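Grab a pencil and work through these exercises with the model open beside you. Each one sets a task and then walks through a solution.

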Number of protein chains: 2
Amino acid sequence: MSTTHEDLTGRARLRDAAIECFAARGFGESLRAIATRAGVSAGLVRHHFGSKEELRAECDATVLKRYRVLKVDSMNTPPTRLFAQLPASRDGGVLMVYILRSVQDGSPAGRTFVDNMVAEALAFTTDAVARGLVVPSRNEEARARFMVQQSIGSMLVNLAMRPEVRLDDFANVMDQYMAQAMLPTLEVYTEGVFADRTYLDEYLAYLAAKTNPPAGLAGEAAMS
Amino acid sequence: MSTTHEDLTGRARLRDAAIECFAARGFGESLRAIATRAGVSAGLVRHHFGSKEELRAECDATVLKRYRVLKVDSMNTPPTRLFAQLPASRDGGVLMVYILRSVQDGSPAGRTFVDNMVAEALAFTTDAVARGLVVPSRNEEARARFMVQQSIGSMLVNLAMRPEVRLDDFANVMDQYMAQAMLPTLEVYTEGVFADRTYLDEYLAYLAAKTNPPAGLAGEAAMS
DNA sequence: CCGCGGACTATACATGCGAGTAGTCTGCTG
DNA sequence: CAGCAGACTACTCGCATGTATAGTCCGCGG
């Protein structure tokens, strides 16, 4: 939905063109390229936004807003699958890639996106744990953050590996990713990877020894 | 080891300075900054390497070589822990961050690094599966690739989230990451996330239905 | 002592960028 | 019709970067 029309005001056209350019080619894309894509001149950016930075800020805000809308939509309509509802459509794909680029870029906006997702994931998992659907963790917040970092990160790496993301196939790219990531994800998440608990128990013992140093042992003097 | 000395030939000094600059600030770092860090002038880059591209190619090759050395070292000496041997030292940290930046950058070198790690991971896991240490997968290659993408990716996201990586604390950054990622990693890998097999079995059924279309069902016409 | 060659510097391009300025076109309002 | 305001364009400026050129310094073999 939203913006298939071409009869938008110049400001909105410029913003949407910038979102697609940023998603497709990264935030290094020049104002001239963005303006060309929007069918206007480069100087107009300044007229409407003042600077490239402000343009991007508006793009960030718009993407976050639309992401939230898509999120609640996908939460309401089909509660079938756990992941992958987001990038189903083309619009969702653009949003997802834009978010990935923000994270890749290391910008504050990227942090905002990630923090948002972590909060959502934490709420989701704590609820799912309470309902017995998900195994509890010794540190729910750390697990939620880690899993979000893994999810975003694996998509990011996958995206970065492709020689060039065609401007149009955002949805296609995400679909391909899902096709090759879904099976391993589900395997690891339901069956685990290690056949026994040795590594985990050893690490837990290590942690316990570090926080509760047993009397009679010296030498652990990593000051921090 | 390797390069704490300052009495290296100009070419090597320049290369090592470039590796550190690229790792610390990304590949956009200017030749002048690199030259300044190496204590020489910018024109010398051209004299020794011809272009920035060739400088970077040499950095890529050097990093890959040193990474392999560190890898086999850590494989031989302490077979205690499974992960995290790599970025123990400062040198390892620089290498790791350089590799992360290469992946982030989307360069062919990044692909090389990842493919390398995937091959290593695949060899490792198949062996571990044979020895009963790791749960088998329905597609070992896909799982290995996915797990590498997740590992690299989560580090990448974590790195990108930090406001600025100090030039010196490469090892510190990696240590911090390990401290916060180790517990969730081990939990997920040994205990899984989902409490039951529903999602996995549903997806497997979906896959089976897609590859072996049961007669008498139409409507699945997603051509690709 | 000569002088030759390579490491190295200083400086000058050429390019692409964001930012800034001035001016044109268009539509609405009185 | 007058004229004003805002959307929009064409052009210029300053800056940073990679690249290229000319020249300097120094050690080593004759």
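**Exercise 1. Find how many salt bridges the rule gives across the interface of chain A and chain B.**

Step 1: start with the rule, which takes a side-chain nitrogen of Lys or Arg within 4 Å of a carboxyl oxygen of Asp or Glu. Step 2: apply it across the interface of chain A and chain B, and you get 6 salt bridges. Step 3: look at one of them, Glu191(A) with Arg138(B), where the closest N and O atoms are 3.0 Å apart.

Before you go on, a word about what you're looking at. This is a predicted model, so local features need pLDDT of at least 70 and side-chain atom pairs count only at pLDDT 80 or more, while totals for chains, interfaces and linings use all residues. Residues are numbered from 1 along each chain as its sequence is written, chains are lettered from A and ligands numbered from 1 in the order in which they are written, and side-chain values use heavy atoms, with hydrogens and water left out.

**Exercise 2. Count the polar contacts between chain A and chain B, and work out which elements of chain A build its side of the interface.**

Step 1: a polar contact is a pair of N or O atoms within 3.5 Å; within protein, one must be able to donate a hydrogen and the other to accept it, and residues adjacent in sequence count only if both atoms are side-chain atoms. Between chain A and chain B, 20 residue pairs fit, with both residues at pLDDT 80 or more.

Step 2: now the elements; helices here are DSSP runs (H or I, at least four residues), numbered from the N terminus. On the side of chain A that touches chain B, at least two residues each come from H5 (90–105), H6 (108–130), H7 (140–161), H8 (170–191) and H9 (198–211). The top contributor is H7(A), with 15 residues.

Step 3: sort that side of chain A by class: 32 residues are nonpolar, 16 polar and 9 charged. For this sorting, Ala, Val, Leu, Ile, Met, Phe, Trp, Tyr, Cys and Pro are nonpolar, Asp, Glu, Lys and Arg are charged, and the others, Gly among them, are polar.

**Exercise 3. Work out the area buried between chain A and chain B, and which three residues of chain A supply the most.**

Step 1: count contacts (heavy atoms within 4.5 Å). You'll find 57 residues of chain A touching 57 residues of chain B.

Step 2: take the buried area, meaning the accessible area (1.4 Å probe) that two parts lose on being put together, summed over both. For chain A and chain B that comes to about 5,600 Å², with carbon and sulfur atoms giving 66%.

Step 3: pick out the top trio. Met161(A), Val193(A) and Phe194(A) supply 12% of what chain A buries against chain B, more than any other three residues.

**Exercise 4. Say what rotation and shift superpose chain A on chain B.**

Step 1: superpose by least squares on the C-alpha atoms of residues with pLDDT of at least 70 in both copies. Step 2: read off the result, a rotation of 180° with 0.0 Å of shift along its axis, at an RMSD of 0.0 Å. That's the relation of a two-fold axis. Step 3: find the axis in chain A, where the C-alpha of Gly153(A) is nearest, 1.7 Å from it. Step 4: check the surface: 100% of the contact residues of chain A recur in chain B, so to speak the same surface serving both copies.**Exercise 5. Which residues come nearest to DNA strand D, and what do they touch?**

Step 1: call a residue near if one of its heavy atoms lies within 4 Å of the strand. Of the 14 residues around DNA strand D, the nearest are Ser41(A), Leu31(B), Arg32(B), Arg46(B) and Lys52(B).

Step 2: go through the atoms. A polar backbone atom of Leu31(B) is 2.9 Å from a phosphate oxygen of DNA strand D, and a polar side-chain atom of Arg46(B) is 2.7 Å from a phosphate oxygen of that strand. Arg32(B) goes for a base: a polar side-chain atom lies 3.0 Å from a base nitrogen of DNA strand D.

Step 3: name the elements. Helix H3 (43–49) of chain A and helix H2 (31–38) of chain B each give two or more residues to the surface near DNA strand D, and H3(A) gives the most, with 4 residues.
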